[in-house]
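Subject: Structure for you to look at

Hello,

Here is the structure I promised to hand over. Please open it alongside this message.

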Amino acid sequence: MKPLHQLAPGEKAFIVDMRNTILCEKLFEMGVFPGDLVEMKENNANTNSVVVKINNHTFNIYRPAAETIITNVVSFEMSLN
């Protein structure tokens, strides 16, 4: 497990825990919950934010807030199609 801000671009993970109550409430209001799959789109320390895709929506999250979102990295993907 690792914080959201440590994911590399293209890396996918499941949200396990949200440790910032204010951010947690905002994400709940936007339909984001623990267990949702997140894909890192952009992770640039110079911009002090990360861009992620969750539930087909793109979010720009302030880096210190992203540090409070704990994820479990997806180690493989499976398709039945």
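Below is what I found, starting with the fold and ending with the charged side chains.

One caution before the rest: this is a predicted model.

**Fold**

The protein chain has 2 helices and 6 strands. Their order along the sequence is β-β-α-β-β-β-α-β. Two strands therefore come before the first helix, three strands sit between the helices, and one strand follows the second helix.

**Overall shape**

The chain has 81 residues, and its radius of gyration is 12 Å. That agrees with the value near 12 Å for a compact globule, so the chain fits the globule rule. Along the principal axes, the C-alpha atoms fill a box of roughly 40 × 30 × 25 Å.

**Contacts and burial**

Take the contacts between residues at least 6 apart in sequence: 55% of them join residues at least 24 apart. Buried residues account for 35% of the 81.

**Surface**

About 5,300 Å² of the protein chain is exposed. Carbon and sulfur atoms supply 51% of that area.

**Charges**

There are 7 positive and 9 negative side chains. The centres of the two sets are 4 Å apart.

**Salt bridges**

How many salt bridges does a search of the whole structure find? The count is 3. Here they are, one by one.

- Asp-17 and Arg-19: the closest N and O atoms are 3.0 Å apart. Asp-17 is partly exposed, at 29% relative accessible area. Arg-19 is exposed, at 58%. The cut-off for exposed is over 50%, so Arg-19 passes and Asp-17 does not.
- Lys-2 and Glu-11: the closest N and O atoms are 3.5 Å apart. Lys-2 has a relative accessible area of 23%. Buried means under 20%, so Lys-2 counts as partly exposed.
- Lys-41 and Glu-39: these side chains meet at 3.6 Å, N to O. Lys-41 is partly exposed, with a relative accessible area of 39%.

Why do these three pairs count as salt bridges? The N-to-O limit is within 4 Å, and the pairs come in at 3.0 Å, 3.5 Å and 3.6 Å, so each one qualifies.

When you go through the model, the salt bridges are a handy place to start. Send me any questions.

Best wishes

Key: Residues numbered from 1 in each chain as written. Predicted model: local features only at pLDDT ≥ 70, side-chain atom pairs only at ≥ 80, totals over all residues. Heavy atoms only, no water. Buried < 20%, exposed > 50% of the residue type's maximum accessible area, 1.4 Å probe, protein only. Helix = DSSP H or I, 4+ residues; strand = E, 2+ residues; numbered from the N terminus. Rg over C-alpha atoms; globule rule 2.2 N^0.38 Å. Contact = heavy atoms within 4.5 Å. Areas by Shrake-Rupley, 256 points an atom, 1.4 Å probe, with all protein chains shown as cover. Lys, Arg positive; Asp, Glu negative; His and termini not counted. Charge placed at Lys NZ, Arg CZ, Asp CG, Glu CD.
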